[in-house]
Amino acid sequence: SFAEGSDLDGDGIPDSQEVDSLIDLDGNQIPDWLEDDIKCVNSTVGDWQIGVSIENDANATKIVELRAKDPLDRDERIDTTNMPDDMPWGLVSFKIKVDNPGDAVTVKIYLSQAVPEGAKWYKYNSFTGDWYAYPHALIVPGRNYVTLELEDGNKDYGDIDDKSDGIITDPSGLAVFSQDLTPSGSASTNSSSPGGGASGCFIATAALD
């Protein structure tokens, strides 16, 4: 939760991280702040913007909270021991409310610059201090978004508290293994989700246990 008074308009975004009213990260010609299914923040690392969008998923009620984090900020109390060297957007932490405990959802993380070659989506577990490449992420270099599969109560599918409580909590970020943020334009994927690649099997969330 945010410090008292830091979200005066009650939109789930820290006032200090609110984006410009013209920002349209999903590119649908509608300013993101006018839409119910996307929230955006200014990154606390560099001059970037990050958006989180629910992808037409009937299981997801809304994005409750969104916050950018600088993993090197001491106040965040993040263990950087095994953190990737280059995370130009820092971390984004969000909470998504689902209709029923255990529901799965698909979200897109929009970035204000295209994803470069060799990038991977990394999760941080604040309970254990672990960093790891998130396997249920679809990354296509040259696009400005990453697609994630998430499931309430399943830490292997992105819910850090591992509790089926109707809220998915996911702190994570893009790690770049190149100094060049200009994408090459070739399409490749980084996903070990069922079906692999960019097939429909990825978007149709993996079968629940």
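How many helices and strands does the protein have? It has 1 helix and 10 strands. Here helices (H or I, at least four residues) and strands (E, at least two) are DSSP runs, numbered from the N terminus.

## The model and its overall build

This is a predicted model, in which local features need pLDDT of at least 70 and side-chain atom pairs count only at pLDDT 80 or more, while totals for chains, interfaces and linings use all residues. Residues are numbered from 1 along each chain as its sequence is written, and side-chain values use heavy atoms, with hydrogens and water left out.

Read along the sequence, the pattern is β-β-β-β-β-β-β-β-β-β-α. The protein has 209 residues, and 50% of them count as buried. Buried means under 20% relative accessible area, exposed means over 50%, and partly exposed lies in between (1.4 Å probe, protein chains only). The exposed surface is about 10,100 Å², with 46% of it supplied by carbon and sulfur atoms. Such areas come from the Shrake-Rupley method with a 1.4 Å probe; for residues, only the protein chains shown count as cover.

Now take the contacts (heavy atoms within 4.5 Å). Among those with a separation of 6 or more, 68% join residues 24 or more positions apart.

## The nonpolar cores

In soluble globular proteins, nonpolar side chains tend to be buried together. A nonpolar core is a set of buried Ala, Val, Leu, Ile, Met, Phe, Trp, Tyr and Cys residues joined through side-chain atoms within 4.5 Å. The largest one holds 31 residues. Ile 109, Trp 121, Leu 148 and Leu 174 touch the most other members. The elements that give two or more residues to this core are β2 (49–54), β3 (60–69), β4 (91–98), β5 (104–111), β8 (137–139), β9 (145–151) and β10 (167–175). Apart from this core lies another, of 8 residues. Its members include Ile 78, Met 87, Trp 131 and Ala 175.

Which residues does Ile 109 touch? Leaving out residues up to four places away in sequence, they are Ile 50, Gly 51, Val 52, Phe 94, Trp 121, Asn 144, Tyr 145, Val 146 and Leu 148.

## A closer look at Val 52

Val 52 sits in strand β2. Is Val 52 buried or exposed? Val 52 is buried, because its relative accessible area is 0%. Its contacts include Ile 63, Leu 66, Val 92 and Phe 94. Val 52 also touches Ile 38. These two residues are 14 apart along the chain, yet their C-alpha atoms are separated by 5.4 Å.

## A pocket

The second largest pocket holds about 230 Å³ of space. It is lined by 14 residues, and Asp 11, Ile 13, Asp 32, Trp 33 and Ile 38 are the closest to its centre. Two elements, β1 (38–42) and β3, give two or more residues to the lining. The largest share, 3 residues, comes from β1. By class, the lining has 6 nonpolar, no polar and 8 charged residues.

Some terms need spelling out. On a 1 Å grid over the protein atoms alone, a pocket is an open set of points with protein on both sides within 12 Å along at least five of seven lines; a cavity is a set of points where a 1.4 Å probe fits but cannot get out; lining residues have an atom within 4 Å of a point. Grid points are joined across faces, edges and corners, and a volume is the space filled by probe spheres set on the points. Ala, Val, Leu, Ile, Met, Phe, Trp, Tyr, Cys and Pro count as nonpolar, Asp, Glu, Lys and Arg as charged, and the others, Gly among them, as polar.

## Two cavities

The structure holds 2 cavities of 30 Å³ or more. The largest has a volume of about 40 Å³. Its lining is Lys 123, Tyr 124, Asn 125, Tyr 132, Lys 155, Gly 158, Asp 159 and Ile 160. Strand β6 (residues 120–125) gives the largest share, 3 residues.

The second largest cavity has a volume of about 30 Å³. Among its lining residues are Ile 50, Trp 89, Trp 121 and Leu 174. The lining divides into 7 nonpolar, 3 polar and no charged residues. β10 gives the most, with 3 residues.

## Two positive phi angles

Gln 29 has a positive phi of about 70° although it is not a glycine. Gln 29 lies in the segment before β1 and is exposed, with a relative accessible area of 70%. Arg 77 also has a positive phi, near 55°. Its place is the loop between β3 and β4. Arg 77 counts as exposed, at 77% relative accessibility.
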